[in-house]
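Trainee: I would like to look closely at a single part of this model rather than skim the whole of it. Could you choose one region, go through it step by step, and then show me how the rest is arranged around it?

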Amino acid sequence: MSESYVVVDLETTGLSPEKNRILEIGAVRLEKGKKTDFFQTMVRCPAEIPAFVSELTGITKEICESGMEEREALEQFLRFAGEDPLIGHNLLFDFKFLKWGFARHGMGFERAGIDTLKIARACLSELPSKKLECLCSNYQIPQEKHHRALEDASATADLFLRMKEQFFEANPNYFEPVPMNCKIKKQSAATEYQKRYLIDLIKYHKIHIDASIGELSRSEASRMIDRIILQYGRKKGE
């Protein structure tokens with residue numbers, strides 16, 4: 001069994017790893033049952049942040065702008081995580097967002113992982129809810145902030161250790177990392193034509209776009225062009 005893990009949690013703009021984006025990455029290194037290192041960064045987001053996400057997390061566009069571009073944030077996370085297995089609560093959700101994010105920048109991402117949600121469903125079936133905050137309440141694990149990446153990753157690390165202490169002897173296989181399976185469509189960066197056309201549209205209509213055009217995928221650039229044309233119209237003469 002591995003002695004070192006990286007517990008990860010993300011905040012995102014929505015539920016679709018293809019259409020939505022990462023807002024925040026939080027991670028905690030576990031070594032021999034102890035938290036030994038921490039990682040957190042905000043991620044600059046090329047899309048609007050839905051109001052319900054800001055209300056839930058407290059994350060605004062201004063907060064995200066203080067962070068890193070997506071590629072840099074993912075590379076920094078990768079350096080922190082190394083090759084260690086991941087742990088997460090509903091881990092596949094976070095893994096899919098990470099994999100889609102890496103794919104947007106032409107990078108692969110494969111890991112084995114342990115899902116604390118699956119362990120809870122198997123070992124704590126009597127509890128009415130398997131949400132992270134409810135499980136933390138059950139184990140009296142303090143949470144200063146809900147729905148923020150580093151705080152949730154830290155709470156998940158504590159939850160994993162508590163459940164391992166309680167259930168490992170009877171169910172050691174629940175605590176073994178397994179390969180994370182997620183197939184995604186190949187991502188292509190926005191073409192130079194799309195980037196130039198977007199810039200021309202923005203200048204022509206004298207509008208402000210909260211997006212890093214260089215970070216857009218081909219499909220994202222296409223959707224943004226369509227939205228601008230639908231709202232403001234084409235350039236004169238087109």
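Mentor: Let us take the place where helix H3 passes helix H4, a crossing that is left-handed, and keep in mind throughout that this is a predicted model. H3 covers residues 70–81, and it packs against H4 at an angle of about 120°, with the two axes 10 Å apart. That angle makes H3 oblique to H4, because the range counted as roughly perpendicular runs from 65 to 115 degrees and roughly antiparallel begins over 145.

With the helices placed, we can turn to the aromatic side chains. The structure holds ten aromatic pairs, and one of them joins Phe-95 to Phe-109, with 5.6 Å between the ring centres and 35° between the planes, which is a tilted arrangement. This pair links distant parts of the chain, since Phe-95 belongs to helix H4 (residues 91–104) while Phe-109 sits in the loop between H4 and strand E5 (112–115), 14 residues apart. Phe-95 and Phe-109 are both buried. Phe-109 has a second ring partner in Phe-102, and here the two rings are stacked, at 4.8 Å centre to centre and with 20° between their planes. Why do we call Phe-102 buried? Its relative accessible area is 0%, so it falls under the 20% limit for a buried residue. Phe-109 is judged in this way too, and with a relative accessible area of 2% it is therefore also buried.

These contacts belong to a wider arrangement, in which ring pairs link Phe-39, Phe-77, Phe-80, Phe-95, Phe-102 and Phe-109 into a cluster. One member of that cluster, Phe-80, has Arg-29 lying over its face, at 5.3 Å from the ring centre. A further contact of this kind involves Lys-164, which lies over the face of Phe-168 at 5.7 Å from the ring centre.

From Arg-29 it is natural to move on to strand E2, which spans residues 22–31 and has nine of its ten residues buried, so the strand is largely enclosed by the rest of the structure. Strand E1 (residues 4–12) pairs with E2 in the antiparallel sense over nine bridges, and within this pairing Thr-12 stands opposite Ile-22 of E2. E2 also pairs with strand E3 (residues 34–42), again in the antiparallel sense, here over eight bridges. If you follow individual positions across to E3, Val-28 has Phe-38 as its bridge partner, and Leu-30 has Lys-35. E2 and E3 form a hairpin with two residues between them, and Lys-32 in that turn has a positive phi of about 50°.

These strands are part of an open sheet of six, ordered E3-E2-E1-E4-E5-E6, with mixed pairing. E3 and strand E6 (178–179) stand at its edges, each with a single partner strand, so one side of each is left without a neighbour in the sheet.

Beyond E3 the chain continues into a loop that leads to helix H1 (51–57), and Ala-47 is found in that loop. Is Ala-47 buried, partly exposed or exposed? At 30% relative accessibility it counts as partly exposed, because that value lies between the 20% and 50% limits. Ala-47 is separated from Ser-212 by 165 residues in sequence, yet the C-alpha atoms of these two residues are 9.0 Å apart in space.

As a counterpart to the crossing we began with, consider helix H8 (residues 192–205) and helix H9 (residues 218–232), whose axes come within 10 Å and cross at roughly 25°. That makes H8 roughly parallel to H9, because the angle is under 35 degrees, and the crossing of H8 and H9 is left-handed.

To set the region in its frame, the secondary structure of the protein comes to nine helices and six strands, and its C-alpha atoms fill a box of roughly 75 × 35 × 30 Å along the principal axes. Of the 238 residues, 48% count as buried, and both Phe-95 and Phe-109 belong to that buried part.

Note on methods. Residues are numbered from 1 along each chain as its sequence is written. This is a predicted model: local features need pLDDT of at least 70, side-chain atom pairs count only at pLDDT 80 or more; totals for chains, interfaces and linings use all residues. Side-chain values use heavy atoms; hydrogens and water are left out. Rings of Phe, Tyr and Trp (its six-membered ring) pair if their centres lie within 6.5 Å; planes under 30 degrees apart count as stacked, over 60 as edge-to-face and the rest as tilted. Helices (H or I, at least four residues) and strands (E, at least two) are DSSP runs, numbered from the N terminus. Buried means under 20% relative accessible area, exposed over 50%, partly exposed in between (1.4 Å probe, protein chains only). A charge sits over a ring if NZ of Lys or CZ of Arg is within 6 Å of the ring centre and within 35 degrees of the ring normal. Two strands pair if DSSP finds at least two bridges between them. Axes are lines fitted to C-alpha atoms, for helices over the stretch in contact, and angles run from 0 to 180 degrees between N-to-C directions. A crossing is left-handed if the near helix is turned anticlockwise from the far one by less than a right angle, and right-handed if clockwise.
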